[in-house]
Every structure is written in structure tokens, then in C-alpha cells.
Amino acid sequence: MATKATPAKKAPAAPAPRVAAAKKAASSNGKADTAKAPQAADIDAPVRPVDRNQPQVQPILNQQRNAPAPLQKYGTVAQRLPIGLSEQVRQESVTMLNQMLADTITLRDMYKKHHWQVVGPTFYQLHLLYDKHYEEQSELVDTIAERIQILGGVAVAMAADVAELTSIPRPPKDREEAPVQVSRLLEAHQIMLKNCHDFAKRADDSGDDGTNDLIVSDVMRTNEMQVWFVSEHVVDTPLAKAD
Ligand SMILES: [Fe+2]
């Protein structure tokens with residue numbers, strides 16, 4: 001690695017094609033070179049031609065504006081990973097798992113909403129319990145998403161896409177009473193768990209044992225346990241004096 005960079009004999013006459021394309025894209029977005037003086041820290045600065053006589057430490061910015069076709073389209077299982085499952089089986093599992101992923105992301109975020117907004121005599125314990133469940137759902141999100149990638153699919157990720165896909169009803173932005181929060185969470189868990197039983201059976205039938213195990217051992221067990229801890233809070237029992 002001791003090779004020294006040989007200085008160019010003369011300055012380049014024209015920018016490289018990629019640089020030119022990025023410049024064109026920047027101009028077409030109304031950010032022409034003359035609009036303002038570009039600064040080093042300005043992420044909107046147009047890409048400059050490469051000068052081989054200068055040290056090259058500048059990142060090439062704004063490449064998303066003229067991006068080529070995506071490597072893989074969402075909804076496909078383009079990669080032929082040698083994991084002993086046919087494309088048809090992997091496609092079916094990826095579709096199920098993306099549904100489960102969107103619902104899990106939604107449930108995870110509902111726990112954080114309630115963690116912040118909870119109020120009343122049970123504030124402290126619900127505040128802590130909601131955050132514990134949020135962390136556990138976060139782990140499930142990563143496990144499900146990585147299973148999708150293992151199967152050669154593309155995991156749904158961004159909030160807007162999750163909102164389109166999820167089957168869990170959207171809660172209001174407002175602050176709600178603790179029993180209403182709990183009821184919303186239990187409804188979401190119920191949707192998750194019904195899907196768990198359906199998806200686990202289908203994965204078993206198709207021979208995707210890894211997906212079946214993930215759904216039963218991770219997603220189903222975690223959701224069942226959380227249902228128990230949350231639902232006991234809406235049992236109406238005496239607090240100080242027995243009835
Ligand atoms: Fe917090």
C-alpha cells in the first residue's frame with residue numbers, strides 16, 4: 001500500500017459524467033450554481049469537478065437526486081440465497097413478514113406514545129412498563145426485518161410506508177386516559193396474535209421452519225406475555241379495602 005498517487009499532468013478539461021449529472025440535477029431543482037456562494041458545510045452545494053492536483057477528501061453529495069434504478073424493488077425476492085427454500089416459499093414468507101413488521105413497528109410506536117402521555121395514579125408503573133414493552137417490540141422489529149432480508153426480500157422501513165401497510169387502527173394524537181391506552185394496546189396485540197397463528201401455520205405448511213420458529217418463539221411469546229402484563233391493569237379490583 002506504499003504506492004504514491006501520481007499527480008495529473010494537466011487539469012481535467014471537463015467534469016466526469018456522474019459529476020456533470022449531479023450538477024445538472026442540482027440546477028434543475030432550482031439550485032443553480034449562481035443562486036448563492038457554495039460553502040463547505042452546505043449539503044446543497046453543487047458537486048464540483050474533480051481537480052486531481054488537490055487532495056480529494058470531499059464527499060460526493062446529492063447523488064440521490066439522480067439515482068439510478070434501485071438495486072431491488074420492494075415486494076420482490078430477487079436474491080437467490082442458498083438457504084434451501086424455493087423462491088415461491090420465500091416470496092410468501094416475505095409478504096407475511098412485512099405485514100408483521102408494519103404491525104410491530106406500529107405497536108412499538110404506540111407504546112412510546114403511551115409512555116410519554118400516560119397520566120394518573122398508575123403513572124409510574126405504566127410509564128416504566130410501556131417503555132419496557134417498547135424495547136421488546138423494538139427487538140422484534142429488528143428480528144423480523146432481518147428475517148425478511150435473509151429470505152431475499154426487502155423490509156418495509158419508513159413511517160409513511162408502515163402507515164399504509166399496517167392493520168392496526170391509528171390512535172388519535174390526543175392524550176387519553178390510562179384505561180383507554182390499555183384497551184388500544186390490547187386491541188393491537190390481538191391483531192398481532194391472530195396474524196401470528198395464521199402466519200405460523202402457513203410458514204409451517206410451506207416448509208419455512210425458520211420463519212415459523214421466529215413467529216412462534218419470538219413474536220407470539222413476547223406479545224402474549226405483554227398482553228398479560230397490560231391487561232391486568234384494567235381489572236377493576238379494590239385498592240385499599242376489600243369489597
Ligand atoms: Fe422515556
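What do the buried residues of H3 pack against? Keep in mind as we go that this is a predicted model. The answer is three helices: H2 (87-117), H5 and H6. Let's start with H3 itself and then move outward.

Helix H3 covers residues 123-150. A quick check on its length works out nicely: at 1.5 Å a residue, its 28 residues should span 40 Å, and the end C-alpha atoms are indeed 40 Å apart, so the two agree. Just after the helix you'll meet Gly152, which has a positive phi, near 90°.

Now look at which parts of H3 are tucked away. The buried residues are Leu126, Tyr130, His133, Gln137, Leu140, Ile144, Ala145, Arg147 and Ile148. If you're wondering about the spacing in a list like that, here is a handy rule: an α-helix has 3.6 residues a turn, so residues three or four places apart point the same way.

Let's zoom in on one of them, Ile148. Why does Ile148 count as buried? The cut-off is 20 or more other C-beta atoms within 10 Å, and Ile148 has 23, so it counts as buried. Setting aside neighbours within four places in sequence, Ile148 is in contact with Val94, Leu97, Asn98, Leu101, Gly153 and Ala155. There's also a link to a distant part of the chain: the C-alpha atoms of Ile148 and Thr211 are 9.2 Å apart, although their positions lie 63 residues apart along the chain.

Thr211 brings us to H6, since it is one of the H6 residues that meet H3. To describe two packed helices, people use the angle between their axes and the distance between the axes. For H3 and H6, the axes come within 11 Å and cross at roughly 170°. That makes the two helices roughly antiparallel. On the H3 side, the residues involved include Leu129, His133 and Leu140, and among their partners in H6 are Leu214, Val219 and Phe229. By class, this contact is a mix of five nonpolar, five polar and three charged residues.

Finally, follow H6 (residues 209-231) to its other partner here, H5 (residues 178-206): their axes come within 9 Å and cross at roughly 160°. H5 and H6 are therefore roughly antiparallel too, and H5 passes H6 in a left-handed crossing. Among the residues making this contact are Leu185, Met192 and Phe199 of H5, along with Thr211, Ile215 and Val219 of H6. The residues here divide into 15 nonpolar, six polar and two charged. Notice that Thr211 and Val219 turn up in the contacts of H6 with both H3 and H5.

Definitions and conventions
Residues are numbered from 1 along each chain as its sequence is written. This is a predicted model: local features need pLDDT of at least 70, side-chain atom pairs count only at pLDDT 80 or more; totals for chains, interfaces and linings use all residues. Helices (H or I, at least four residues) and strands (E, at least two) are DSSP runs, numbered from the N terminus. A residue is buried if 20 or more other C-beta atoms lie within 10 Å of its own, exposed if 12 or fewer, and partly exposed in between; C-beta atoms are placed from the backbone. Two residues are in contact if their C-beta atoms, placed from the backbone, lie within 7 Å. Axes are lines fitted to C-alpha atoms, for helices over the stretch in contact, and angles run from 0 to 180 degrees between N-to-C directions. Angles under 35 degrees count as roughly parallel, over 145 as roughly antiparallel, 65 to 115 as roughly perpendicular and the rest as oblique. A crossing is left-handed if the near helix is turned anticlockwise from the far one by less than a right angle, and right-handed if clockwise. Ala, Val, Leu, Ile, Met, Phe, Trp, Tyr, Cys and Pro count as nonpolar, Asp, Glu, Lys and Arg as charged, and the others, Gly among them, as polar. The expected span of a helix is 1.5 Å times one less than its number of residues.
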